[in-house]
Amino acid sequence: MGNHNIDVLIVCNDIGGANAIYPVFQSIKDKVKVKLVCTGDAIKVFNSFKKYFLEDHKFNSVNLILKELTPSILFTGTSEYSNQERLFWYESKRLNIKTIAIIDSWTNIKERFIYFPVENNGEKLVQPDIIIIPDDNLREQIDNEGWCVSDLKVCGQPHLEKSSS
C-alpha cells in the first residue's frame, strides 16, 4: 500500500467500537500490515492478538505514533466519552492520513465527534474522512441534522452481522 511502515492503524477505546472493528481486523490482518492502539475495554476484544499491539513505551504522543508508523489508513471506533479517536483523527488529518471510523450504535451520534473539554461552551467537531454507518435510517438522521462533513458509507454493523451468522 505504498511507502508506509504499516498499512492500517486501528484505534479503539470502547468495547462497542472494538466489537465492530474486530471482524474487519480478522479479515485484513493476514493481508496488510496492521497495528492496534487499544485502551479501555477495547483491550478485552483484541487481547489474544497482542503481537499487533503498539508497544506501551510509544504511547507518549499521538503525533509521534502517527509519524513513526506512517499508516496509509487510520481506522477507529467512535467512543462517546473518550477523546482518543478524536485526537487520532485530528492529528491524522494534519499529516494527510486517510481516516475511517465506524459507528457501532444508533445513539448519541453527534456526541461521538465532539472534542472534550469543550471550551467557551462551543462545540468543536472533529470528524474522520469516512464514517461507516449501519443503515440508511442513520444516514437520513445525520443528513437531516446537518453537522456532518464526512463521507457516510452504509455498510451494516459487522459485529451484529458476525453474531447473527
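This passage describes salt bridges in a predicted model and the solvent exposure of the residues that form them.

Residues are numbered from 1 along each chain as its sequence is written, and side-chain values use heavy atoms, with hydrogens and water left out. Because the model is predicted, local features need pLDDT of at least 70 and side-chain atom pairs count only at pLDDT 80 or more, whereas totals for chains, interfaces and linings use all residues.

Side chains of opposite charge can pair when their charged atoms come close. A salt bridge was assigned where a side-chain nitrogen of Lys or Arg lies within 4 Å of a carboxyl oxygen of Asp or Glu. Six salt bridges result from this rule.

One of them joins Lys-93 to Asp-129, with 3.1 Å between the closest N and O atoms. This pair connects distant parts of the chain, 36 residues apart. Lys-93 sits in helix α4 (residues 84–94). Asp-129 lies in the loop between β4 (98–102) and β5 (130–133). Helices (H or I, at least four residues) and strands (E, at least two) are DSSP runs, numbered from the N terminus.

Exposure was classed by relative accessible area: buried under 20%, exposed over 50%, partly exposed in between (1.4 Å probe, protein chains only). Lys-93 is partly exposed at 37%. Asp-129 is also partly exposed, at 27%.

A salt bridge also links Arg-112 and Asp-104, at 3.7 Å from N to O. Here Arg-112 is buried, with 6% relative accessibility. Asp-104 is buried as well, at 18%.

Lys-153 and Asp-151 form a further salt bridge, with an N to O distance of 3.3 Å. Lys-153 is partly exposed at 36%, and Asp-151 is partly exposed at 36%.
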